[in-house]
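Work through the exercises below with the sequence and the 3D structure open. Try each task before reading its solution.

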Amino acid sequence: MSPINRRRILLGGAAAGAGLALTACTSNDSGAPAQVNVGDRNGNAAPGQKVVIGFSAPAADHGWIAAITDNAKAQAQAYSDVELRPVEAGADAAAQRAALSTLIAQKPNVIVMLPHDGKELNATGLEAMKAGIAVVNLDRAFPSAAAYRLQIKGDNYGMGLAAGQYVGQQLKAKGVSSPIIGEIPGIDSLELTQERTKGFNDALAAFGFKVANRRPAEFTADSGQAAATALLQALPKMDALWNHDDDQGIGVLAAIKQANRNEFFMVGGAGSKSAIDAIAKDDSVLKATVTYSPSMASSAISLARLIGQGKGMSDLVELQVPKEITLASETITKENASKYAKLGF
Amino acid sequence: MIAETALPKPPQRWDEGLVRNLGLVGVLIILVLIGIITKPELYSDPAWVRNNFLIILQQASGIGVVTVGMTFVIIGGGIDLSVGAIIALAGVWATTVATQSYGAGGMVFTALVVGLAVGLVNGVLIAYGKLVSFIATLAMLVAARGLAAQISGKQTQVSTNDTINSIATTKLLGIPLLVWILGLVVAAGWVLLNRTTFGRRTVAVGGNPEAARLAGINVKRHTVLLFMLSGLCCGIAAIMLTSQATSAQAAMANLYELDAIAAAIIGGTLLSGGRGTIIGALFGVLVFSTITNLFAINNLATEVQNMVKGGIIVAAVLLQQFRFRSLTNLLRRRDVSDKP
């Protein structure tokens with residue numbers, strides 16, 4: 001073997017070895033426990049007719065979406081009469097459509113899906129419903145009412161409203177008459193971001209306040225850090241800040257610490273475990289967060305099971321599960337953080 | 001065989017590089033002047049102005065380091081679309097719980113090795129697998145982000161290492177450590193491109209690979225080294241970004257590839273290879289960083305900012321073509337006039 005060849009092989013081997021060594025010292029620690037409800041206040045949890053539930057949610061790289069899938073799987077496992085058949089949603093709406101077609105052919109009783117985009121998956125919802133499979137839409141609405149049996153979603157407008165009300169009340173209590181308020185939304189082109197901002201502005205307007213500066217990020221910690229750094233530089237003095245997303249909030253809080261700023265208070269969004277912990281500890285500017293909980297996936301599986309068994313929600317007079325449920329956006333503060341700790345993701 | 005010493009040298013004609021860089025300095029001054037006119041109340045505070053200058057540099061630091069690596073790759077005739085994904089993979093790997101337990105040294109080592117390893121794979125695919133760099137690094141963009149999502153369990157990996165986190169807050173002689181790192185990388189890049197055989201070979205390989213091969217340069221090995229250099233820069237940037245955000249996630253450094261390519265081109269690097277400068281690329285990054293700052297202090301929407309960025313890129317390339325054409329015309333005229 002020539003020296004050059006030997007050297008190349010050694011180099012290749014070293015590179016492969018380094019890769020393996022790095023793989024060996026890697027671990028996945030998703031941390032937060034899944035959100036599961038196994039309470040049986042109304043007898044609905046008692047084992048009944050077997051229900052096969054198909055499930056599809058995008059494999060996005062964001063903590064919230066990861067929690068959606070984890071919650072759905074954990075909730076399904078809590079029932080002995082539920083068989084969950086998850087299918088990968090792929091990278092886009094077309095891939096999810098293809099995956100769901102194969103699922104529909106297997107004729108499950110119910111399909112729970114968080115579509116890439118409700119409008120793009122509407123036809124798939126209709127197809128499943130026509131095939132006699134009840135569809136539970138998770139969070140991203142279908143335009144056609146015939147495309148779903150139940151829709152369960154968060155309240156983006158309500159989230160902004162809750163954040164704005166908290167900010168307004170706090171500032172009013174402090175006696176600040178013309179406050180400087182900052183806002184760091186997520187991806188600005190998304191409808192959900194626009195709804196959140198509208199809710200925030202509407203709530204502030206009721207107090208006679210408005211946002212002084214608004215720097216969008218991209219739902220990631222590094223983009224949150226960059227947006228917050230720019231915002232803090234633009235506003236040398238600030239009274240309050242709303243950051244739409246707790247995942248990007250890790251970066252926002254880092255930027256605030258790096259700039260040595262603490263003259264204002266901050267409200268988060270979504271209700272991540274780290275945000276709830278920080279609020280409970282009360283050692284940073286983060287004083288509250290408004291929920292947009294992935295616990296809706298657990299509820300969706302529970303309700304899909306009831307739909308499959310033809311049961312209703314026994315607290316209600318109706319014999320069947322309602323058609324639409326919108327979760328309330330709740331405000332987590334130091335006072336109630338312990339109550340919400342189990343819902344953190 | 002052509003002697004390697006006869007190969008074209010990197011652009012050291014001070015006139016051309018200087019004029020372009022002066023143009024970029026002019027753009028920077030105009031941007032600052034717009035800031036002063038639109039927000040006089042902020043610019044009247046000297047402490048704020050000094051801090052603002054450092055923040056512009058600091059915000060340019062991570063992308064600046066990536067752009068140095070990208071400039072080498074482009075001058076060498078390739079393109080690296082995977083830089084953002086390499087940062088995400090290196091950052092996520094360095095912040096994974098198991099890796100964090102080895103301390104700051106372990107995290108930095110991991111990030112650098114991951115960057116180098118991915119660069120090696122890119123380079124081998126392109127040089128020996130004969131894949132076009134656009135395709136190979138596009139594939140790596142998708143794959144590396146996928147692997148980063150897998151490793152991180154799709155969760156934001158928070159860095160609990162105080163040493164790593166303090167990189168973003170540490171200052172030396174009143175200047176942030178991140179800015180020093182950018183300065184060192186730029187200086188090393190400048191020396192490597194303008195004062196070493198490696199730099200001359202890079203220009204030769206990008207300008208005419210066949211001529212470079214005939215001149216005795218191992219073009220394939222050099223291509224691998226260029227992509228490894230880009231990967232190494234991404235590894236450094238991964239630590240810088242992780243320290244700033246005190247965390248890493250699979251979606252971090254989104255669209256860094258486009259920002260780095262744009263900055264390199266604005267700085268005078270030819271997309272077809274064979275020509276470019278490190279200082280120009282640094283000014284390209286600073287122009288973008290200053291625009292972001294200007295838009296932030298005036299509370300202007302980022303979508304307009306992106307349109308302005310797009311306009312600047314088009315203007316820079318048009319200017320490049322115009323200058324190239326006029327230079328060619330000039331040479332042609334000289335050629336004619338030189339004839340007896």
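**Exercise 1. Judge the confidence in chain B, in chain A and in the complex.**

Step 1. Chain B has a mean pLDDT of 90, and 89% of its residues reach 70 or more. Here pLDDT is the predictor's confidence in each residue, from 0 to 100.

Step 2. Go down to the elements of chain B. Helix α15 (residues 302–338) of chain B has the lowest mean pLDDT, 73, and helix α12 (residues 219–245) of chain B has the highest, 98. Helices (H or I, at least four residues) and strands (E, at least two) are DSSP runs, numbered from the N terminus.

Step 3. Chain A averages 88, with 88% of the residues scoring at least 70. Over residues 1–31 of chain A the pLDDT is below 50, yet this stretch has 29 contacts in the model beyond near neighbours in sequence. A contact means heavy atoms within 4.5 Å. Where pLDDT is low, the predicted coordinates should not be read in detail.

Step 4. For the complex, the predictor gives an ipTM of 0.87 and a pTM of 0.85.

Two conventions apply throughout. This is a predicted model, in which local features need pLDDT of at least 70 and side-chain atom pairs count only at pLDDT 80 or more, while totals for chains, interfaces and linings use all residues. Residues are numbered from 1 along each chain as its sequence is written, chains are lettered from A and ligands numbered from 1 in the order in which they are written, and side-chain values use heavy atoms, with hydrogens and water left out.

**Exercise 2. Describe the fold content of each chain.**

Step 1. Chain B has 15 helices and four strands. Chain A has 11 helices and 12 strands.

Step 2. Of the 340 residues of chain B, 53% are buried. In chain A, buried residues make up 52% of 345. Buried means under 20% relative accessible area, exposed over 50%, and partly exposed in between (1.4 Å probe, protein chains only).

Step 3. Take contacts with a separation of 6 or more. In chain B, residues 24 or more positions apart account for 79% of them. In chain A, the corresponding share is 71%.

**Exercise 3. Characterise the interface of chain A and chain B.**

Step 1. How many residues does the contact take from chain A and from chain B? It takes 42 from chain A and 51 from chain B.

Step 2. The two chains bury about 3,500 Å² between them, 54% of it on carbon and sulfur atoms. Buried area is the accessible area (1.4 Å probe) that two parts lose on being put together, summed over both.

Step 3. The rule finds zero salt bridges across this interface. A salt bridge is a side-chain nitrogen of Lys or Arg within 4 Å of a carboxyl oxygen of Asp or Glu.

Step 4. Now list the elements. On the side of chain A that touches chain B, those giving two or more residues are α1 (3–24), α2 (63–77), β7 (211–214), α7 (221–234) and α8 (246–258) of chain A. The largest share, eight residues, comes from α7(A).

Step 5. By class, this side of chain A has 17 nonpolar, 15 polar and 10 charged residues. Ala, Val, Leu, Ile, Met, Phe, Trp, Tyr, Cys and Pro count as nonpolar, Asp, Glu, Lys and Arg as charged, and the others, Gly among them, as polar.

**Exercise 4. Place the salt bridges.**

Step 1. The structure holds 15 salt bridges over all chains.

Step 2. Lys50(A) and Glu83(A) pair at 2.8 Å, N to O. Lys50(A) lies in the loop between α1 and β1 (51–57) of chain A and Glu83(A) in strand β2 (residues 82–88) of chain A, so the pair ties together parts 33 residues apart in sequence.

Step 3. Asp202(A) and Lys198(A) pair at 3.1 Å, N to O. They are about one helical turn apart, because they sit four residues apart in helix α6 (residues 191–207) of chain A.

Step 4. In chain B, Lys39(B) and Glu41(B) pair at 3.6 Å, N to O. Lys39(B) is partly exposed at 23% relative accessibility, whereas Glu41(B) is exposed at 51%.

**Exercise 5. Buried or exposed: classify Asp139(A) and Asn260(A).**

Step 1. Asp139(A) has a positive phi of about 75 degrees. It lies in the loop between β4 (134–138) and β5 (150–153) of chain A. At 12% relative accessibility, Asp139(A) is buried.

Step 2. Asn260(A) has a positive phi of about 55 degrees. Its relative accessible area is 71%, so Asn260(A) is exposed.
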